[in-house]
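Grab a pencil and work through these short exercises. Try each task yourself before you read the solution under it.

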Amino acid sequence: MLNTESTYDWNQEQWTVPLNIMLNQMLKVGKQPISLQLGYRYYAGKPSSGSRLGLRFSVTLLFPRNG
């Protein structure tokens, strides 16, 4: 998956434009379904003091409905 989460600071008049490339995997831990996400972040636009690269990791607990 590829996405961006652009923000603009009106006070400093600066853009932050990360480009995110992420991998996602759904699995079960015991009976609990979860979603794991790992991604690489490249800042195409950033404040002068900001980093150019980053990582992102998330864990999401899933609670499916039983129809």
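**Exercise 1. How many salt bridges does the chain have, and which residues form them?**

Solution. This is a predicted model, and the cut-off to apply is a Lys or Arg side-chain nitrogen within 4 Å of a carboxyl oxygen of Asp or Glu. With that rule you should end up with 2 salt bridges.

Step one: look at Arg41 and Glu5, whose side chains come together with an N to O distance of 3.4 Å. Arg41 sits in strand E4, while Glu5 is in the loop between strand E1 (2-4) and strand E2 (7-9), so this pair ties together parts 36 residues apart in sequence.

Step two: check Glu5 against Arg56, where the closest N and O atoms are 2.5 Å apart. Arg56 belongs to strand E5 and Glu5 to the E1–E2 loop, so here the parts tied together are 51 residues apart in sequence.

Step three: put the pairs together, and you get a salt-bridge network of Glu5, Arg41 and Arg56.

**Exercise 2. Sort Arg41, Glu5 and Arg56: buried or partly exposed?**

Solution. Buried means under 20% relative accessible area, and partly exposed runs from there up to 50%. Arg41 has 14%, so call it buried. Glu5 comes in at 33%, so it is partly exposed. Arg56, with 29%, is partly exposed as well.

**Exercise 3. Which residues make the nonpolar surface patch, and which strands give two or more of them?**

Solution. Start with the members: Leu2, Leu19, Ile21, Tyr40, Tyr42, Leu53 and Leu55 make a patch of about 730 Å². Now map them onto the strands: E3 (14-29), E4 (32-45) and E5 (53-61) each give two or more residues. Take Tyr42 as a sample: this residue lies in strand E4, and its relative accessibility of 34% makes it partly exposed.

**Exercise 4. What is the fold pattern, and how does the radius of gyration compare with that of a compact globule?**

Solution. First, count elements: 5 strands and 0 helices. Along the sequence that reads β-β-β-β-β.

Next, the overall dimensions. A compact globule of 67 residues would have a radius of gyration near 11 Å, yet this chain has 16 Å. The C-alpha box along the principal axes is roughly 50 × 20 × 15 Å.

Last, check burial and contacts. Buried residues are 18% of the 67 in the chain. Of the contacts with a separation of 6 or more, 31% join residues 24 or more positions apart. The accessible surface is about 5,500 Å², with 58% of that from carbon and sulfur atoms.

Definitions and conventions: Residues are numbered from 1 along each chain as its sequence is written. This is a predicted model: local features need pLDDT of at least 70, side-chain atom pairs count only at pLDDT 80 or more; totals for chains, interfaces and linings use all residues. Side-chain values use heavy atoms; hydrogens and water are left out. Helices (H or I, at least four residues) and strands (E, at least two) are DSSP runs, numbered from the N terminus. The radius of gyration is taken over C-alpha atoms; the globule rule is 2.2 Å times the number of residues to the power 0.38. Buried means under 20% relative accessible area, exposed over 50%, partly exposed in between (1.4 Å probe, protein chains only). Contact means heavy atoms within 4.5 Å. Accessible areas come from the Shrake-Rupley method with a 1.4 Å probe; for residues, only the protein chains shown count as cover. Patches are made of residues with over 30% relative accessible area and no salt bridge: like charges are joined within 9 Å, nonpolar side chains (Val, Leu, Ile, Met, Phe, Trp, Tyr) within 5 Å.
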